[in-house]
Amino acid sequence: MALAKRIIPCLDVDAGRVVKGVNFVGIRDAGDPVEVAKRYNQQGADEITFLDITASHEDRGTTVEMVERIAGEVFIPLTVGGGIRTCDDIRTMLNAGADKVSINTAAVTNPDFVHEAAERFGSQCIVVAIDAKRVSAEGEPPRWEIFTHGGRKPTGLDAVEWASKMVELGAGELLLTSMDRDGTKAGFDLGVTHAIADAVSVPIIASGGVGHLDHLVAGVKEGGADAVLAASIFHFGEYTIPDAKRYMVEQGIEMRL
Amino acid sequence: MTIAVIDYGMGNLHSVAKALEHVTHENVVITDDSRSIRGASRLVLPGQGAIRDCMGELQRNDLQGVVHEVLRAQAKPLLGICVGQQMLMEESEENGGVVCLSHLPGRVRHFERDLRDTQGQRLKVPHMGWNRVTQHHPHPLWAGIDDDARFYFVHSYYVEAQEDSDIFGTTEYGGHTAHVATGRGPVFAVQFHPEKSARDGLRLLENFVTWTP
């Protein structure tokens with residue numbers, strides 16, 4: 001099979017700067033989003049994800065301008081997420097140059113929004129972000145639930161059932177983040193990744209917890225992910241995109257070099 | 001000299017316009033105006049979403065006539081992208097069967113639902129990501145691009161052209177050979193997204209804007 005697995009560096013952007021929180025505290029500045037995106041593009045990233053984590057509403061305009069500037073210089077797929085709640089939000093981001101938008105909380109509060117968005121813009125540009133957390137105790141059959149608000153608010157929704165529902169409604173891709181692992185560098189939660197990859201027909205992006213290149217390999221080989229997303233291992237120069245790709249190729253994974 | 005990206009109301013045309021602006025100093029317009037389309041020196045026919053909607057919007061916006069006219073006249077280069085490639089064929093299996101522009105003989109087929117690779121591994125549909133394009137025949141638009149280079153795809157339906165001479169690029173997926181680059185005379189069309197395919201994609205667009213068929 002010749003379709004390459006994808007590496008997607010993620011830019012968490014707050015008020016116009018790339019930041020990376022470790023479990024959402026201790027945010028470190030990682031630079032200007034346009035410069036960071038250009039660097040990853042030059043390194044051979046397969047896509048870029050831009051997550052707007054800006055808390056204040058006033059700074060939202062900055063995001064549109066950033067997306068426009070990135071899209072004018074980086075010619076690989078660009079996904080924009082964070083605060084996408086209406087079809088107008090989607091249109092604004094697509095017009096700014098995004099290729100896909102990632103819908104998170106709005107999918108939980110109003111699942112029909114996913115359907116409406118897919119009908120209007122096509123499933124190919126609708127990514128649903130799923131933030132899952134393990135809720136079963138050790139020894140119990142594993143079960144994961146959807147959480148919102150940065151992993152603080154439980155919803156009672158079963159993650160695997162939720163993933164299937166999102167695909168039925170029109171999600172073209174799922175961005176799965178393990179809230180237990182995000183920022184920990186302990187590796188993806190392979191259990192939930194595999195359970196969801198097995199349950200749905202659309203591509204899965206695994207996210208949350210990458211600290212080492214073996215984690216990327218495991219996400220694909222054991223988790224069954226089609227793409228792997230990481231932030232801090234690339235932002236702070238621990239690894240470059242080519243380092244990661246070469247390592248994955250050595251482990252027998254098809255990559256675009 | 002103007003390059004017109006035909007806007008019939010389907011999908012996001014900004015990416016393709018931005019990528020064209022990156023490779024040429026010529027004027028790039030996104031337009032739904034028949035006169036601008038007739039007056040342009042080169043045309044891009046994009047397409048996104050369901051093919052029935054694409055054909056429907058083309059008709060509703062009175063653009064099918066001018067596209068037919070341009071295709072018949074064979075006077076200027078036209079680049080079809082994604083559903084824009086598919087629309088050049090006779091018909092598509094999508095949406096229970098849709099009659100297309102019939103510029104090239106052949107049809108548009110679906111990757112079946114339970115697609116597997118040779119090891120029995122389940123393959124995802126849509127076919128999304130970077131896949132290899134084998135250059136089936138030489139073409140000026142392949143200049144500077146390696147055979148089997150990877151391009152970015154997002155699609156669930158693929159072109160199956162009837163005439164071997166119309167096929168310029170192929171991609172294997174789940175045991176199917178998709179004809180991902182097709183064309184004849186001044187028309188060239190691709191299933192993948194050159195505007196999202198990094199250096200090789202930009203090179204193809206650059207080859208298009210300088211192409212004299």
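Two strands count as paired if DSSP finds at least two bridges between them. The exercises below apply this to a predicted model.

**Exercise 1. Place strand β5 of chain B in its sheet.**

Task: State how β5 and β7 of chain B pair, and which strands stand at the edges of the sheet.

Solution.
- Step 1. Take β5 (residues 91–92) and β7 (residues 106–110) of chain B. They are joined by two bridges. The cut-off is at least two, so the strands pair. Their sense is parallel.
- Step 2. Find a bridge partner. B:Glu91 is matched with B:Arg107 in β7(B).
- Step 3. Write the sheet order. It runs β6-β5-β7-β10 in chain B. The sheet is open, has four strands and shows mixed pairing.
- Step 4. Read off the edges. β6 (98–99) and β10 (157–161) of chain B each have a single partner strand, so one side of each lacks a neighbour in the sheet.

**Exercise 2. Describe the surroundings of helix α3 of chain B.**

Task: List the buried residues of α3 (residues 51–60) and the elements they pack against.

Solution.
- Step 1. Pick out the buried positions: B:Ile51, B:Asp53, B:Cys54, B:Met55 and B:Leu58.
- Step 2. Recall the helix geometry. An α-helix has 3.6 residues a turn, so residues three or four places apart point the same way.
- Step 3. Name the packing partners. The buried residues of α3(B) lie against α4 (64–73), α5 (83–86), β5, β6 and β7 of chain B.
- Step 4. Look just past the helix. B:Asp62 has a positive phi of about 55°.

**Exercise 3. Classify the packing of α1 and α6 in chain B.**

Task: Decide how the two helices are oriented and which residues meet.

Solution.
- Step 1. Take the geometry. The angle is about 70°, and the axes are 9 Å apart.
- Step 2. Apply the range. Angles of 65 to 115 degrees count as roughly perpendicular. α1(B) and α6(B) therefore fall in that class.
- Step 3. List the contact. B:Ala19, B:Leu20, B:His22 and B:Val23 of α1(B) meet B:Leu202, B:Leu205, B:Glu206 and B:Val209 of α6(B).
- Step 4. Sort by class. This contact has six nonpolar residues, one polar and one charged.

**Exercise 4. Break down the contact between the chains.**

Task: Find which element of chain B supplies the largest share of the side that touches chain A.

Solution.
- Step 1. Count both sides. Chain B gives 30 residues and chain A gives 24.
- Step 2. List the contributors. α1 (14–23), β8 (127–135), β9 (149–155), β11 (167–173) and α6 (198–209) of chain B each supply at least two residues.
- Step 3. Pick the largest share. β8(B) provides six residues.
- Step 4. Classify chain B's side. The split is 10 nonpolar, 11 polar and nine charged.

Key
Residues numbered from 1 in each chain as written. Chains lettered and ligands numbered in written order. Predicted model: local features only at pLDDT ≥ 70, side-chain atom pairs only at ≥ 80, totals over all residues. Contact = placed C-beta atoms within 7 Å. Nonpolar A, V, L, I, M, F, W, Y, C, P; charged D, E, K, R; others polar. Buried ≥ 20, exposed ≤ 12 C-beta atoms within 10 Å, placed from the backbone. Axes fitted to C-alpha atoms, helices over the stretch in contact; angles between N-to-C directions. Parallel < 35°, antiparallel > 145°, perpendicular 65-115°, else oblique.
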